[in-house]
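Please look through the sequence and the model shown below before reading on. The paragraphs that follow move from the strands to the helices, and then to single residues and charged pairs.

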Amino acid sequence: MVVLRIGDTVPNFQAPTTEGDIDFYEWLGSSWGILFSHPKDFTPVCTTELGAVQKLLPEFEKRNVRVIALSVDSVESHRAWVGDIAETQGCGPVSYPIIGDDNRSVSELYGMLDQTNKDAAGLPLTVRSVFVINPDKKLALTLTYPASTGRNFNEILRVVDSLQLTTQYKVATPVDWKQGDDVVIGASVSNEQGDALFPGY
């Protein structure tokens with residue numbers, strides 16, 4: 001089983017999506033990226049999640065984050081589903097790509113398959129995985145939720161703010177930190193470095 005760890009270079013892949021075929025690295029370009037999987041199209045929790053992401057898309061775009069979804073359904077199924085998402089979630093058309101991974105190649109590559117949740121043919125579905133990828137194609141964060149629990153994408157947005165800040169500066173963010181709150185000087189920074197980097201801290 002594939003296990004991706006923080007700091008690993010994420011694997012590239014080619015895949016069909018609702019916006020055409022992509023090469024993942026080329027699609028990401030120099031942006032941050034969020035790849036997130038859901039178990040099944042046309043299911044209530046997944047529908048709420050993809051609608052929530054569409055509503056937050058302007059916030060992700062302001063942070064130079066490209067978002068892409070995935071399940072083991074076909075692109076044709078995704079295209080049929082997006083109208084249902086827009087209608088039931090009041091979010092407008094889904095304008096980010098959804099990967100059709102019905103051959104499970106990307107799901108296997110990223111270790112997203114749930115052996116406890118299978119389709120009618122006995123094949124595993126995807127769990128609710130989240131991969132935050134930095135512009136160097138390194139894994140910055142990963143989360144995994146069970147199929148029964150929807151994700152909090154406002155929290156994922158908060159985490160992106162923290163990751164981008166702590167990548168740029170030698171700081172850490174404390175519990176419940178939000179953009180604009182005070183931060184902590186990183187543990188690896190000596191007193192002398194702290195005086196130079198953060199005068200008067």
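Strands β6 and β7 form a hairpin with five residues between them, and in the turn G122 has a positive phi of about 85°. The strands named here (E, at least two residues) and the helices (H or I, at least four residues) are DSSP runs, numbered from the N terminus. This is a predicted model, in which local features need pLDDT of at least 70 and side-chain atom pairs count only at pLDDT 80 or more, while totals for chains, interfaces and linings use all residues. Residues are numbered from 1 along each chain as its sequence is written, and side-chain values use heavy atoms, with hydrogens and water left out.

Within the hairpin, β6 (residues 113-118) and β7 (residues 124-126) run antiparallel and are joined by three bridges, where two strands pair if DSSP finds at least two bridges between them. One of the bridge pairs sets L113 against T126 in β7.

Apart from the hairpin, there is an open sheet of five strands with mixed pairing, in the order β5-β4-β3-β8-β9. The edges are taken by β5 (98-100) and β9 (139-145), each of which has a single partner strand, so one side of each is left without a neighbour in the sheet. From one strand to the next the twist averages 20°. At one end of that order, β8 (residues 128-133) runs antiparallel to β9 and is joined to it by six bridges, with I133 standing opposite L139.

Two helices lie across this sheet. Helix α2 (residues 44-62) lies across β3 (32-37), β4 (65-71), β5 and β8, at about 165° to β4, where axes are lines fitted to C-alpha atoms, for helices over the stretch in contact, and angles run from 0 to 180 degrees between N-to-C directions. Helix α5 (residues 153-168) lies across β3, β4, β8 and β9, and runs at about 150° to β3.

S37 belongs to strand β3, and because its relative accessibility is 0% it counts as buried (buried means under 20% relative accessible area, exposed over 50%, partly exposed in between, with a 1.4 Å probe and protein chains only). A polar atom of the S37 side chain lies 2.6 Å from the backbone oxygen of V127. Beyond its neighbours within four places in sequence, S37 is in contact (heavy atoms within 4.5 Å) with residues including L70, M112 and R151.

Which backbone angles deserve a second look? Most residues other than glycine have a negative phi. N64, which is not a glycine, nevertheless has a positive phi of about 60°; N64 is found in the loop between α2 and β4 and is partly exposed at 38% relative accessibility. K137 likewise has a positive phi, near 65°, in the loop between β8 and β9, but K137 is buried at 13%.The charged side chains form eight salt bridges, each defined as a side-chain nitrogen of Lys or Arg within 4 Å of a carboxyl oxygen of Asp or Glu. One of them joins K40 to D73, with the closest N and O atoms 3.1 Å apart; K40 lies in the loop between β3 and α2 and D73 in the loop between β4 and α3 (75-89), so the pair ties together parts that are 33 residues apart in sequence. K40 is partly exposed at 34%, whereas D73 is buried at 8%. R63 and D161 meet in another salt bridge, at 2.5 Å from N to O, and since R63 lies in the loop between α2 and β4 and D161 in helix α5, this pair ties together parts that are 98 residues apart in sequence.

Notes
Polar contact = N/O pair within 3.5 Å; in protein donor to acceptor, adjacent residues only side chain to side chain.
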